[in-house]
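Open the model in your viewer and keep the sequence panel beside it. Each stop below says what to select and then what is there.

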Amino acid sequence: MSIDFEEKAQVTSEQPRKKRRKIKIGHFAVNAWLIFWAVLSVIPMLWLVLAPSKTDREVSYKNPLSFASFHGYIRAWKNLQDFNSGVLAHWVINSVTYNLAIVLIASITASLAGFVISASRIRFKKAFLISTLIMMLVPPVALVIPLFIEMNKVNLIDNPWSVILISSLYPFGAFLSYIYYSNTIPPEIYESARLDGCSDFSLYSRIAFPLSYPLLALLAFFAFVGNWGNYFMPYIMLPSPEHYTLPVGLGALFFSTPAINPGNGATSVPILKPEIALAGVLVAVPVMIVFLISQKRLIRGMLAGSIKE
Amino acid sequence: MLSPYLLLLFLFGVLPLIMAIINVPSKSPSNPNGGWHVFKIVLHDFRLVPAMWHVLGFMALFVPLMIFFVLAMSLMLDVDAAPWKKWVRLAYIVPACVSGSVAVLLWYVLLEPTLSPFKGVMHWFGITQATQIWKTSNLTYILVFMAFFSLAGQWILIQFGSLQSISHEILEAARVDGCSQFQLATKIKLPLIRKYVIYMGVLVFAGGLQIFVEPQLLNSSVYHGIAQQWSFDQLSYSLAFDNGNFGEASALSLMLLVPSLIGALLVIFKTDMFEDVNFKSPKKLRKEALKREAVNA
């Protein structure tokens, strides 16, 4: 009897140990997979950033993730600058100015709209909110052909204002502002300010605006990230190379370079793989920097304030 | 104060739809007399069925892969709050910076056996030439990988964020009751973030249906002819800009808008994703307040 009891005691003490070992192995496997995916996520960007440091030959034959020299970046930049009489400078300036205008117009209109909806007693609030939510959930690509027809009717094709104005419609921003103002400013404040004779505009400028800096930063962040890499809209609306944005210009570089299309004849300026990679860096790195700085904002913003952290 | 936004909403949200509807029955090379039967012409276009199969094949792989992978990864990230996971999360956001033309450039490199950072693995599998990978029959898989790799990271972070909204008391109570990590994930966490999963599902579905930039760039700039009118949006683009059939292009755009609209309405009205949104008019709110006061009295 006593031996039997001892055996049982041994078995029961071994069970949690086995279970603990299993959990430890499970934990290790999960963490290893998470790290593996993180490494996999970074490798392509690493290649992109390192490729311009090499010559075209080195890009093919050297270790893909090796660094050659800083001189490589300067050489690739000079070649890009010489491409089509310096059209790259136009693309950079276009991307910066279009995005600046979009971020400004989109953030201001969206924040004003969100404020009015949360603070004022307006009619058709329901219709307004539903149409904003629909616009937020329907992908912008769906409306590109109808928008082209509209812009064509008002002769705005090949005019940067077509892209700036269309991209300034920012339903996600209006919704985010509505949630922000509803959650941060109690309606009683508006009521008492109105009793003191405050108009809607002075309510916004004196009460809401000073409390809106975090919101405005969030609106600018999403407007920038959503539009900097946009390809389809400027591709359709702005056919002249001098109006291209950087992403569209990068597409044009693909098309014209013999590095990717050996069928194309050599260009007057050597636009090869390092130059294309540097153009890719110019498109991707600004967004990456903004993303890395504002990771938390992205998560909260994408869920439109529905998460209480 | 509302008018600047309302003006933009009308000009670039509502008016294009009206213009598209007006434009549908206009005269075009394939519809010389004009008329609404252009919808029928589009449906009989020999390029529509192949495009439909391509996009359906793409969606059948892309949407479930995204949802399953993103949920699995975000749940794994949420197992514990180890400090090193902050760096892992930062790494996951990196591919989100690569979209459109940069994504095409990177995938051209990644799948080119002479350039790829993974060329060792590719050679090990016997892939030494680009033509072994870049063919029309492989395009669905390539585009699924491209879209998946660009989008998965940011959705992992977003769903990880949604998991943070679950109250610690609920999780602690489940742990005390003897829930394992797997049970905690499947029986407690997943049901509690259901609305965010549906939200993701609709956005991923609507975005996938409108795939354009990647096949268009691959076809026009990298491997000519590999993805000719491969997707619906490419067909719509080709109808408008290659054939000058704006009526047909508008009809196809309107048809494609329907599933996206249904998805949007489904999220708005059939989930509690936007439960905090107050759709009621001020009049109704005042009436309700009066009623409540009367009941309390």
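Start with a cysteine: select B:Cys97. At 5% relative accessibility, B:Cys97 counts as buried, because the cut-off for buried is under 20%. Now select B:Cys179, which has 24% relative accessibility and therefore counts as partly exposed. Keep in mind throughout that this is a predicted model.

How many disulfides does a search of the whole structure find? The result is zero over all chains. A disulfide is a covalent bond between the sulfur atoms of two cysteines.

**Chain A as a whole**

Select chain A and switch to a cartoon view. Chain A has 15 helices and zero strands. Of its 309 residues, 53% are buried. Consider next the contacts in chain A with a separation of 6 or more: residues 24 or more positions apart account for 70% of them. Turn on the surface of chain A. Its accessible area comes to about 14900 Å², and 65% of that belongs to carbon and sulfur atoms.

**A helix inside chain A**

Select residues 160-168 of chain A, which form helix H7. Is this helix largely enclosed or not? Seven of its nine residues are buried, so H7 of chain A is largely enclosed by the rest of the structure. The buried residues are A:Pro160, A:Ser162, A:Val163, A:Ile164, A:Ile166, A:Ser167 and A:Ser168.

To see what they pack against, add four helices of chain A to the selection: H4 (87-119), H6 (144-153), H11 (213-228) and H12 (232-237). Then add helix H1 (3-23) of chain B, which the buried residues of H7 in chain A also pack against.

**Where the two chains meet**

Show both chains in separate colors. The contact takes 97 residues from chain A and 100 residues from chain B. Between them the two chains bury about 8800 Å², with 80% of it on carbon and sulfur atoms. Which three residues of chain B supply more of the area it buries against chain A than any other three? Select B:Met1, B:Tyr5 and B:Phe12: they supply 10% of that area.

Look for salt bridges across this interface, and the rule finds zero.

**B:Phe69 and its neighbors**

Select B:Phe69, which lies in helix H3 (residues 48-77) of chain B. With a relative accessible area of 12%, B:Phe69 is buried. Leaving out residues up to four places away in sequence, B:Phe69 touches A:Trp33 and A:Trp37 from chain A, and B:Phe148, B:Ala152 and B:Ile156 from chain B.

For a distance, pick the C-alpha atoms of B:Phe69 and B:Ile127. These two residues are 58 residues apart in sequence, and their C-alpha atoms are 26 Å apart in space.

**Salt bridges in chain B**

Over all chains, the count comes to six salt bridges. Three of these are worth a stop.

Select B:Asp45 and B:Arg47. They form a salt bridge, and the closest N and O atoms are 3.0 Å apart. B:Asp45 is buried, with a relative accessible area of 11%, and B:Arg47 also counts as buried, at 14% relative accessibility.

Select B:Asp80 and B:Lys85. This salt bridge also has its closest N and O atoms 3.0 Å apart. B:Asp80 counts as partly exposed at 28% relative accessibility, whereas B:Lys85 is buried, with a relative accessible area of 1%.

Select B:Glu172 and B:Arg175, whose side chains meet in a salt bridge of 3.3 Å, N to O. Both lie in helix H8 (residues 168-176) of chain B, three residues apart, or about one turn of the helix. An α-helix has 3.6 residues a turn, so residues three or four places apart point the same way. B:Glu172 counts as partly exposed at 42% relative accessibility, and so does B:Arg175 at 36%.

**Last stop: a nonpolar patch**

Return to the surface view and select A:Ile35, A:Val39, B:Trp84 and B:Trp87. Together they make a nonpolar surface patch of about 400 Å². Then select B:Trp87 alone, which lies in helix H4 (residues 85-93) of chain B. Is B:Trp87 buried or exposed? At 56% relative accessibility, B:Trp87 counts as exposed, because the cut-off for exposed is over 50%.

How values were computed: Residues numbered from 1 in each chain as written. Chains lettered and ligands numbered in written order. Heavy atoms only, no water. Disulfide = S-S within 2.5 Å. Buried < 20%, exposed > 50% of the residue type's maximum accessible area, 1.4 Å probe, protein only. Patch = residues over 30% accessible without salt bridge, like charges linked within 9 Å, V, L, I, M, F, W, Y side chains within 5 Å. Areas by Shrake-Rupley, 256 points an atom, 1.4 Å probe, with all protein chains shown as cover. Salt bridge = Lys/Arg side-chain N within 4 Å of Asp/Glu carboxyl O. Helix = DSSP H or I, 4+ residues; strand = E, 2+ residues; numbered from the N terminus. Contact = heavy atoms within 4.5 Å. Buried area = accessible area lost by both parts, 1.4 Å probe.
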